[in-house]
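Please open the model in your viewer, with the cartoon shown and side chains ready to be switched on. The tour below moves from one selection to the next and says what is to be found at each stop.

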Amino acid sequence: MLFDALVGGTHLVNATAAELLLLIEEAPGLTTGELHARLVARVEASPEALPIAAVDEILQWLARLNIVAAHGA
């Protein structure tokens, strides 16, 4: 669960989204491809099990919620 102090709301995020948010916090400004590579390594998954399209979808969802800024490809 993620608390958004700006609006006082909470968002339920899955483990993958939570790990992605940690990566963004640790290294802001990474591209989607760089985030994907680091996320796959961090969760010890194969790129096929966690495709870049899934990471992009999570990033778009987080951006719509204004939790993260728009990201690069």
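Begin by selecting helices α1 and α2, which in this predicted model pack at an angle of about 120 degrees, with their axes 10 Å apart. Angles from 65 to 115 degrees would count as roughly perpendicular, and the two helices α1 and α2 are therefore described as oblique to each other. Looking along the pair, you will find that α1 passes α2 in a right-handed crossing. To see what makes this contact, show the side chains of T16, E19, L20, L22, L23, I24 and E26 on α1, together with L35, R38, L39 and R42 on α2. Coloured by class, the residues of the contact between α1 and α2 divide into six nonpolar, one polar and four charged.

Keep α1 in view and add α3, so that the next pair can be examined. The helices α1 and α3 pack at an angle of about 75 degrees, and their axes are 11 Å apart; the pair α1 and α3 is therefore roughly perpendicular. On the α1 side the contact is made by T16, A17, L20, L21 and I24, and on the α3 side by V55, I58, L59 and L62. In the contact of α1 with α3 there are eight nonpolar residues, one polar residue and no charged ones.

Now select L20 alone, which lies in helix α1, spanning residues 15-26. Is L20 buried or exposed? Its relative accessibility is 0%, and L20 therefore counts as buried. Residues in contact with L20, leaving out those up to four places away in sequence, are L35, L39, V55, I58 and L59. If you draw a distance between the C-alpha atoms of L20 and L59, the viewer should give 8.4 Å, for two residues that are 39 residues apart along the chain.

The third helix pair is reached by hiding α1 and displaying α2, residues 32-42, with α3, residues 52-64. Here the packing angle of α2 and α3 is about 115 degrees and their axes are 9 Å apart, and these two helices are therefore roughly perpendicular to each other. The crossing in which α2 passes α3 is right-handed. The residues to select for this contact are T32, G33, L35, H36 and L39 of α2, and I52, V55, D56 and L59 of α3. By class, the contact of α2 with α3 holds five nonpolar, three polar and one charged residues.

Two residues of this contact deserve a stop of their own. Centre the view on H36, which is found in helix α2 and which is buried, with a relative accessible area of 10%. Apart from neighbours within four places in sequence, H36 is in contact with P47, L50, P51, I52 and V55. Then move to D56 in helix α3, which is partly exposed, with a relative accessible area of 25%. The C-alpha atoms of D56 and H36 are 8.5 Å apart in space, while the two residues are 20 residues apart in sequence.

Next, turn to the backbone and select two residues by their phi angles. Where is E44 placed? E44 sits in the loop between α2 and α3, and although it is not a glycine, E44 has a positive phi of about 55 degrees. With a relative accessible area of 74%, E44 is exposed. The other residue to select is N66, in the segment after α3, where phi is near 60 degrees, a positive value in a residue other than glycine. N66 counts as exposed, at 64% relative accessibility.

Finally, restore the whole chain and colour it by secondary structure. The protein chain has three helices and two strands, and from the N terminus on its elements run β-β-α-α-α. If you colour by accessibility instead, 29% of the 73 residues count as buried. The accessible surface of the protein chain comes to about 4600 Å², and 58% of that surface belongs to carbon and sulfur atoms. A contact map offers a last view: among contacts in the protein chain with a separation of 6 or more, 39% are accounted for by residues 24 or more positions apart.

How values were computed: Residues numbered from 1 in each chain as written. Predicted model: local features only at pLDDT ≥ 70, side-chain atom pairs only at ≥ 80, totals over all residues. Heavy atoms only, no water. Helix = DSSP H or I, 4+ residues; strand = E, 2+ residues; numbered from the N terminus. Buried < 20%, exposed > 50% of the residue type's maximum accessible area, 1.4 Å probe, protein only. Contact = heavy atoms within 4.5 Å. Areas by Shrake-Rupley, 256 points an atom, 1.4 Å probe, with all protein chains shown as cover. Axes fitted to C-alpha atoms, helices over the stretch in contact; angles between N-to-C directions. Parallel < 35°, antiparallel > 145°, perpendicular 65-115°, else oblique. Left-handed = near helix turned anticlockwise from the far one by under 90°. Nonpolar A, V, L, I, M, F, W, Y, C, P; charged D, E, K, R; others polar.
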